[in-house]
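Q: Please take a close look at the surroundings of the ligand in this model, and go through them step by step.

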Amino acid sequence: MLAGRVAVVGGSIAGCAAALAVARAGAGEVVVFERAAGRLADRGVGLAVHERRYAELEAAGHLDPGIPWVRLTSRPWLVREDARRAGRRVGALPFGFRSYDWGSLWSALRARVPSCVAYERGSAVERVLPGPDGALLRLAGGREERFDLVIGADGYRSAVRAATRDATVPGYAGYLAWRGILPEEELPGPAGAWARDEAATVAFPGGHMIVYRIPGPGGTGTGANWVFYTAPADPAHALSVDDAAGLPPSRVPDALTAHHRAVVEEHFPPYWQEVVRRTPKDATYVQPVLDLCVPRYGEGRLVLLGDAAAVARPHSGSGAVKALQDATVLERCLASAGSWKEAVAAYDAARTPAGRAVVDLGRRLGRAQVQATPDWAAMNQAALEAWWKRASEGEGSFGGQALDVGREP
Ligand SMILES: Cc1cc2nc3c(=O)[nH]c(=O)nc-3n(C[C@H](O)[C@H](O)[C@H](O)COP(=O)(O)OP(=O)(O)OC[C@H]3O[C@@H](n4cnc5c(N)ncnc54)[C@H](O)[C@@H]3O)c2cc1C
């Protein structure tokens with residue numbers, strides 16, 4: 001391994017995985033700078049990891065079966081039909097995922113960061129000044145530190161990405177994600193309306209809502225995690241890219257809230273209307289859906305990981321997986337390269353196409369499931385399968401690409 005100082009900017013999912021990867025590859029000194037001073041574990045949302053990607057990431061030493069999870073197997077597609085309280089199933093697709101509570105997943109990744117890594121909370125990097133043989137970080141308060149390698153794991157508004165030649169910025173995809181978590185005991189009856197292993201999808205013209213169970217914080221109980229995608233009735237009501245971390249209900253413009261309610265009222269079967277209505281307001285928020293993909297994952301002594309490098313629309317089910325894969329590949333590149341230049345070039349060559357592929361897949365799935373929806377009600381099982389095959393074929397795989405593309409059985 002290359003001796004030297006490595007900075008990781010951002011201490012979330014990508015940042016913790018990167019810190020572990022770099023320490024395992026044998027870096028001399030690793031410092032994580034995380035802007036948030038408070039508890040990241042409280043960012044409570046659900047996310048799902050495909051079973052095959054889980055197996056690769058367990059083998060790579062990033063995930064383990066002890067992190068609380070719920071097994072999901074099937075994704076029924078439901079449309080409103082007045083006689084049926086939970087809607088009519090037009091068909092079901094396989095959905096081999098493990099669902100997680102974001103906070104529990106992050107806590108497990110944080111716990112894996114070895115004690116030799118300095119993890120500084122409340123440390124915001126204000127500027128990154130790249131040089132020929134390293135980069136200077138300017139922190140809030142004026143402190144400056146020089147590193148041999150700087151890893152940008154600082155999310156969709158990355159300061160590290162801003163210091164690269166292209167300084168790529170995220171683009172608004174044209175629609176919003178409304179998210180909420182309803183505790184299991186609040187789920188409307190009767191029990192059995194919705195099986196525990198199902199990622200139910202309520203489909204309507206111009207969008208859909210996916211609902212799956214996630215473990216409660218710390219593994220206690222389960223909650224119904226829902227994400228509802230729809231475009232604002234008036235494009236002028238779009239949220240800013242800067243709101244992508246999520247707006248609480250008090251900050252969502254009234255016109256958007258009214259549109260959201262109207263779509264639920266008009267298109268959702270009664271059972272799913274109740275799921276949304278019963279969700280405590282403070283357990284909901286709204287985000288604009290973004291697309292972002294850098295042309296280069298590595299440049300000089302800067303590398304990008306996770307959402308700092310590429311944000312795929314959530315339909316691809318691959319954001320956390322991609323971040324952990326980035327860290328896995330970075331570790332391999334650092335461990336086997338003879339120079340920083342060689343390591344950055346190898347990482348860039350491996351991950352730039354992988355990022356592009358999942359972002360492209362997210363765009364295609366977004367078009368099919370939100371922006372140009374089919375006549376769901378006219379579908380049956382065969383039509384649903386054919387539509388999904390068309391929507392998802394091409395580069396990228398649902399749930400994330402194989403870690404070593406081409407080597408998957
Ligand atoms: C609606 C939705 C659903 C999703 N569903 C899934 C799913 O089913 N499966 C899946 O795998 N993924 C999913 N994801 C994506 C996934 O959550 C992210 O891709 C993943 O968490 C990787 O995040 P990250 O660590 O790169 O970035 P982030 O979590 O954004 O972390 C960036 C960190 O950097 C810090 N930071 C930022 N700027 C600075 C700075 N200047 N100095 C210091 N620190 C800084 C921030 O405080 C933050 O902690 C979903 C995302 C959304 C929005």
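A: What follows describes the ligand site and then a helix that contributes to it. The model is predicted, and in it the ligand is surrounded by 31 residues, of which Ser12, Glu34, Ala48, Asp307 and Ala320 come nearest. Three of these residues place N or O atoms at short computed distances: a polar side-chain atom of Glu34 lies 2.6 Å from an oxygen atom of the ligand, a side-chain N or O atom of Asp307 is likewise 2.6 Å from a ligand oxygen atom, and Ala48 brings a backbone N or O atom to 2.8 Å from a ligand nitrogen atom. Of the 1000 Å² of accessible area that the ligand has on its own, the protein covers 87%.

By residue class, the shell divides into 16 nonpolar, 9 polar and 6 charged residues. At least two shell residues come from each of α1 (13-24), β2 (29-34), β3 (46-50) and α7 (319-336), with α7 giving the most, namely 3 residues. Because domain 1 (5-43 + 103-170 + 291-372 + 383-392) and domain 2 (70-101 + 171-290) both give residues to the shell, the ligand lies between them.

Among the contributing elements, α1 is mostly covered, with 11 of its 12 residues buried; the buried residues include Ile13, Cys16, Leu20 and Val22. Its end C-alpha atoms are 17 Å apart, which agrees with the 16 Å that its 12 residues should span at 1.5 Å a residue. After α1 comes Gly26, which has a positive phi near 100 degrees.

How values were computed: Residues numbered from 1 in each chain as written. Predicted model: local features only at pLDDT ≥ 70, side-chain atom pairs only at ≥ 80, totals over all residues. Heavy atoms only, no water. Near = heavy atom within 4 Å. Polar contact = N/O pair within 3.5 Å; in protein donor to acceptor, adjacent residues only side chain to side chain. Areas by Shrake-Rupley, 256 points an atom, 1.4 Å probe, with all protein chains shown as cover. Helix = DSSP H or I, 4+ residues; strand = E, 2+ residues; numbered from the N terminus. Nonpolar A, V, L, I, M, F, W, Y, C, P; charged D, E, K, R; others polar. Domains from an automatic or database assignment. Expected span 1.5 Å × (residues − 1). Buried < 20%, exposed > 50% of the residue type's maximum accessible area, 1.4 Å probe, protein only.
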